[in-house]
Amino acid sequence: MAKTILITGATSGFGKACAEYFAAQGWKLILTGRRSERLEQLQQELGGTVQQIITLDVRDREQVFEKLGSLENIDVLLNNAGLALGLEPSWNVDIDDWDRMVDTNIKGLMYCTRVLLPKMIKRNSGHVINIGSTAGSWPYPGGNTYGGTKAFVQQFSRNLRADLLGSKVRVTHLAPGMAESEFSEVRFKGDIESAAKVYQGVEALLPKDIAETVFWIVNRPAHVNINAIEIMPVDQAWGPLAVHRKKD
Ligand code: NDP
Ligand code: 8X3
């Protein structure tokens with residue numbers, strides 16, 4: 001029987017690529033995001049595999065519980081909706097940006113997980129995949145709260161596993177590095193030039209790379225839990241620790 005995946009943030013980037021990939025493999029989809037017109041377009045493109053589209057802002061707790069609370073038989077929850085805003089040093093950031101990242105990347109992911117987990121526990125089956133980031137493990141200037149939110153995703157995923165021991169519900173933390181999507185356009189608030197510079201001369205990951213990885217994760221045998229995967233483009237690696245030297 002076809003399985004069902006619920007994707008948050010299906011209107012762009014990783015979420016959209018996952019919708020397309022899973023649809024092509026015969027999965028049933030529940031697609032969510034704030035931009036209804038994009039969800040409708042995706043539904044038209046993917047046809048009958050789309051069970052439902054749900055316009056949803058994951059930051060709105062009431063909305064999440066109201067719109068997702070009655071869903072049954074979700075095999076996979078892909079907690080993907082998220083964003084980075086700005087690359088300013090912490091003493092100079094717009095505090096509203098920090099709030100939005102916390103509300104989306106942390107609280108939104110918590111709400112979606114909390115509303116769907118009880119039914120997974122009841123069925124003794126299900127899989128929660130949380131999209132983190134290399135920024136959750138590896139600091140960089142301007143990563144401040146974005147990296148902090150993704151560190152939350154990593155530890156929350158581990159703690160979920162601890163809670164779920166004894167059930168057959170699986171949890172995976174997937175942490176990508178640089179990937180070309182609308183991510184940088186959002187980070188730089190529509191400044192397309194700055195966004196394009198991020199990927200200049202680099203063969204970045206593509207959303208499809210993430211979709212293929214998610215598909216692999218969910219298709220491991222039922223007794224296997226992939227705890228965590230970190231994935232980067234070959235063109236990206238860690239730098240040495242930074243040292244500040246006096247100019248004298
Ligand atoms: P995109 O900007 O292309 O997609 C982000 C998606 O998140 C959109 O579908 C957007 O939908 C959704 N979203 C954002 N805010 C909300 C909200 N409040 N409620 C519901 N949906 C929301 O970026 P990516 O595909 O690259 O990002 C997906 C995830 O991957 C994010 O969590 C990001 O942090 C993470 N990531 C990205 C990397 C990259 O380099 N691209 C690397 C590592 C991790 P809509 O606007 O319609 O609501
Ligand atoms: C996105 C990757 O390096 O821009 O999470 O933070 S990075």
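**Exercise 1. Determine how the protein holds ligand 1 in this predicted model, beginning with the contact made by Glu-182.**

*Solution.*

Step 1. An oxygen atom of ligand 1 lies 3.1 Å from a backbone N or O atom of Glu-182. A polar backbone atom of Phe-14 is 2.8 Å from an oxygen atom of ligand 1. Arg-35 contributes through its side chain, a polar atom of which lies 2.9 Å from an oxygen atom of the ligand.

Step 2. On its own, ligand 1 has 880 Å² of accessible area, and the protein covers 96% of it.

Step 3. Helix H1 (13-24), H5 and helix H6 (183-187) are the elements that give two or more residues to the shell around ligand 1. The shell comprises 30 residues, the closest being Thr-11, Ser-12, Arg-34, Tyr-146 and Ser-181.

Step 4. Sorted by class, the residues around ligand 1 are 12 nonpolar, 12 polar and six charged.

**Exercise 2. Identify which residues surround ligand 2, and describe the polar contacts of the ligand.**

*Solution.*

Step 1. The surrounding residues are Ser-133, Ala-135, Tyr-140, Tyr-146, Phe-183 and Arg-187. Four of the residues in this shell are nonpolar, one is polar and one is charged.

Step 2. Polar side-chain atoms approach oxygen atoms of ligand 2 as follows.
- Ser-133 places a polar side-chain atom 2.6 Å from an oxygen atom of ligand 2.
- For Tyr-140, the distance from a polar side-chain atom to an oxygen atom of ligand 2 is 2.6 Å.
- For Tyr-146, a side-chain N or O atom lies 2.6 Å from an oxygen atom of ligand 2.

Step 3. The protein buries 80% of the 240 Å² that ligand 2 exposes when taken alone.

Step 4. Two members of the shell also interact with one another: the charged end of Arg-187 sits over the ring of Tyr-146, at 5.4 Å from the ring centre. Tyr-146 is also among the closest residues to ligand 1.

**Exercise 3. Classify the ring pair formed by Trp-138 and Trp-238, and state which parts of the chain the pair ties together.**

*Solution.*

Step 1. The structure holds seven aromatic pairs. In the pair of Trp-138 and Trp-238, the ring centres are 5.8 Å apart and the planes meet at 70°. Planes over 60 degrees apart count as edge-to-face, so the pair of Trp-138 and Trp-238 is edge-to-face.

Step 2. Trp-138 belongs to the loop between strand E5 (127-131) and helix H5 (144-164), and Trp-238 to the segment after strand E7 (228-231). The pair therefore ties together parts that are 100 residues apart in sequence.

Step 3. Trp-138 has a relative accessibility of 39% and counts as partly exposed, whereas Trp-238, at 53%, is exposed.

Step 4. Elsewhere, ring pairs join Tyr-21, Phe-22, Trp-27 and Phe-215 into a cluster.

**Exercise 4. Establish whether Asn-105 and Ala-84 are buried or exposed, and describe the surroundings of each.**

*Solution.*

Step 1. Asn-105 is part of helix H4 (residues 95-123). Its relative accessibility is 1%, and Asn-105 therefore counts as buried, the cut-off being under 20%.

Step 2. A polar atom of the Asn-105 side chain lies 2.9 Å from the backbone oxygen of Leu-83.

Step 3. Ala-84 is found in the loop between strand E4 (76-79) and H4. With a relative accessibility of 0%, Ala-84 is likewise buried.

Step 4. The C-alpha atoms of Ala-84 and Ser-184 are 7.9 Å apart in space, although the two residues are 100 residues apart in sequence.

Conventions: Residues numbered from 1 in each chain as written. Chains lettered and ligands numbered in written order. Heavy atoms only, no water. Phe/Tyr/Trp six-rings, centres within 6.5 Å; stacked < 30°, edge-to-face > 60°. Helix = DSSP H or I, 4+ residues; strand = E, 2+ residues; numbered from the N terminus. Buried < 20%, exposed > 50% of the residue type's maximum accessible area, 1.4 Å probe, protein only. Lys NZ or Arg CZ within 6 Å of the ring centre and 35° of its normal. Near = heavy atom within 4 Å. Polar contact = N/O pair within 3.5 Å; in protein donor to acceptor, adjacent residues only side chain to side chain. Areas by Shrake-Rupley, 256 points an atom, 1.4 Å probe, with all protein chains shown as cover. Nonpolar A, V, L, I, M, F, W, Y, C, P; charged D, E, K, R; others polar.
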